[in-house]
Amino acid sequence: MSAASVAPGWELVVGLEVHVELSTATKLFCGCANRFGDEPNTNVCPVCLGLPGSLPVVNAAAVEYAMRLGRALSCTVRPSVFSRKNYFYPDMPKDYQISQYDLPTNVDGELVLPDGTRVGIERAHIEEDTGKSTHVGEGGRIHGADYSLVDYNRAGVPLVEIVSRPDIRSAEQARAYVNELRAILVTIGVSDARMEEGSLRVDANVSVRPAGSDELRTRCEIKNINSVRSLGRAIEYEARRHVELYEAGERPVQETRHWHEDEGRTTSGRSKEEAEDYRYFPEPDLVPLVPSADEVAAIDASLPALPARRRAALAEAAGVAPAEVAVLVDRGQDTFALAAIAEGADPARVLVRIENDLAVDDWSRVSPAAFAALVSMETSGELTASQARTVLAEMVAGGGDPATIAARLGFEAMDAGELEAVVDAVIATHPDEWARFVGGDDKDRKKMAGFFTGQVMKATRGQADGRRVAEILGRRAAR
Ligand code: ZN
Ligand code: MN
């Protein structure tokens, strides 16, 4: 959706807050297992249950993961202080959440979308997760529930909350942001980033403004977004709601709103609390985190190549735009593609064959060299496109050399003279169609080209190379 399609004359302004559960072995401040899906209330201890007299001890691995994420988002990693964020909720047994407030670990980064858009990252701070409430009764909401159950296995699981700047201008960009963030998280190994299991949760701050202005109007924060698809729908709905209010002479109120996937709309939640409502103060039981320059340098050195850099490398080798290789990088097939291109295979054909025909779980039996040989057989006309795909499917299933497989399948290259003879025979049997091909307008010619190619394919049982057929037809028509 382009920004203008919210409504003519209006621009969409979105910032995202993403909570990511870190995949450490244990929780943030105790030794309990950090594991999804266990029997409720089995991974608990006095610390994560907030029992009197218990004291938190910070998990070094969680801090390292958070700094890795910060550096992967080009943030400055800085000395930080844990604070208490005070509020009451049954799934938070201490009645406060240990988070970071004015001195977060990571600040001032950016995330670059595949289309080149840069989205600023204001901060990425460390905090603990809450427990999980289940409201039993009609609707599954706290209002009208018969009773509620609380599972504290999640209480104290390490989180990083990544707060973007309001730099996102379309629902499509918002989806791309979350997809890119997930790819980064998985690449650097700090989270499995599964939205469906709640290990990645997205809240969207949405507002609109007259196109061309740079003001920031009242925003609403949408919660309960369970998929990337829902994120796009929720943003579009909310933006339209704001525009309708403004155009009716009203204005939205700042509040949190819930997204209802089944109804396709948001409803009012609570009016947005301000930071002072939480009575933040420094956590007296924890010391500040002060990473040394050496620690940060070691993290930088250990980071693998990130998706943006991998896209750039493959795009450059293939001579295309980075967005065109995003799927291959997502699938982790970029190294393979680079190797095949280095073997001398045609880059464009390499990308097409991988994207369309190696979309399989296991393509490990296909070596880059054998794949490059197959692509070269196709581009030289030894194999037709459909034959190349058949041979590749055999290679995926059992490995092997494309020339040997092609010979076994009887995919002999058709002799050039033989093919010309077949084309001539087909032309001779269909004089009316041929007249339309030679004398017709563009549309007719295109239609008849399809007809003749089909006839030649039938006559050769699919052995003919479609591009050669087109070339011969063109030559015959020009005579
Ligand atoms: Zn515990
Ligand atoms: Mn948070």
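**Notes on the predicted model: sheets, metal sites and two odd loop residues**

1. Start with the nine-strand sheet. It is open, its pairing is mixed, and its strands come in the order β2-β5-β6-β9-β1-β10-β11-β12-β13. The edges belong to β2 (76-77) and β13 (265-271); each has a single partner strand, so one side of each is left without a neighbour in the sheet. Keep in mind that this is a predicted model throughout.

2. Within that sheet, have a look at β6 and β9. Strand β9 (residues 158-164) runs antiparallel to β6, and seven bridges join the two. If you want a register check, Glu 128 sits opposite Pro 158 in β9.

3. The manganese ion (ligand 2) is worth your time next. Its protein donors are His 19 through NE2, plus Glu 127 and Glu 161 through OE, at 2.0 to 2.2 Å. His 19 belongs to strand β1 (residues 10-21) and Glu 127 to strand β6 (residues 118-128), so this pair ties together parts 108 residues apart in sequence. The spacing of the donor residues reads H-x107-E-x33-E. Both His 19 and Glu 127 are buried. Before anyone calls the site incomplete: water is not among the atoms, so sites may look that way.

4. Which residues hold the zinc ion (ligand 1)? The protein donors are the SG atoms of Cys 30, Cys 32, Cys 45 and Cys 48, at 2.3 to 2.4 Å from the metal. Angles among the four donor atoms run from 100 to 116°, and the site is tetrahedral. In sequence, the donor residues follow the spacing C-x1-C-x12-C-x2-C.

5. Are Cys 45 and Cys 48 buried or exposed? The cut-off for buried is under 20% relative accessible area. Cys 45 has 18% relative accessibility, so it counts as buried. Cys 48 has a relative accessible area of 7% and is buried too.

6. There is also a three-strand open sheet, ordered β4-β3-β14, with antiparallel pairing. Here β4 (96-100) and β14 (281-282) stand at the edges with a single partner strand each, so one side of each lacks a neighbour in the sheet. Strand β3 (residues 82-86) is joined to β4 by five bridges. Ser 83 faces Ser 99 in β4.

7. Two non-glycine residues have positive phi, so put them on your list of backbone checks to read through. For Ala 193, phi is about 50°. Ala 193 is located in the loop between α2 (171-188) and β10 (200-210), and at 3% relative accessibility it counts as buried. For Arg 279, phi is near 50°. That residue sits in the loop between β13 and β14, but Arg 279 is exposed, with a relative accessible area of 58%.

8. Now the whole chain. The protein chain has 15 helices and 14 strands. Its radius of gyration is 29 Å, well over the 23 Å from the globule rule for 479 residues, so the chain is more spread out than a compact globule. The C-alpha trace spans about 95 × 55 × 45 Å along its principal axes.

9. Finally, packing and surface. Of the 479 residues in the protein chain, 45% are buried. Among contacts with a separation of 6 or more, 68% involve residues 24 or more positions apart. The accessible surface comes to about 22,700 Å², with 51% of it belonging to carbon and sulfur atoms.

Note on methods: Residues numbered from 1 in each chain as written. Chains lettered and ligands numbered in written order. Predicted model: local features only at pLDDT ≥ 70, side-chain atom pairs only at ≥ 80, totals over all residues. Heavy atoms only, no water. Donors = N, O, S within 2.8 Å, 3.2 Å for Na, K, Ca; no water. Tetrahedral: all angles 85-135°; square planar, octahedral: opposite > 155°, others 65-115°. Buried < 20%, exposed > 50% of the residue type's maximum accessible area, 1.4 Å probe, protein only. Helix = DSSP H or I, 4+ residues; strand = E, 2+ residues; numbered from the N terminus. Rg over C-alpha atoms; globule rule 2.2 N^0.38 Å. Contact = heavy atoms within 4.5 Å. Areas by Shrake-Rupley, 256 points an atom, 1.4 Å probe, with all protein chains shown as cover. Pairing = 2+ DSSP bridges.
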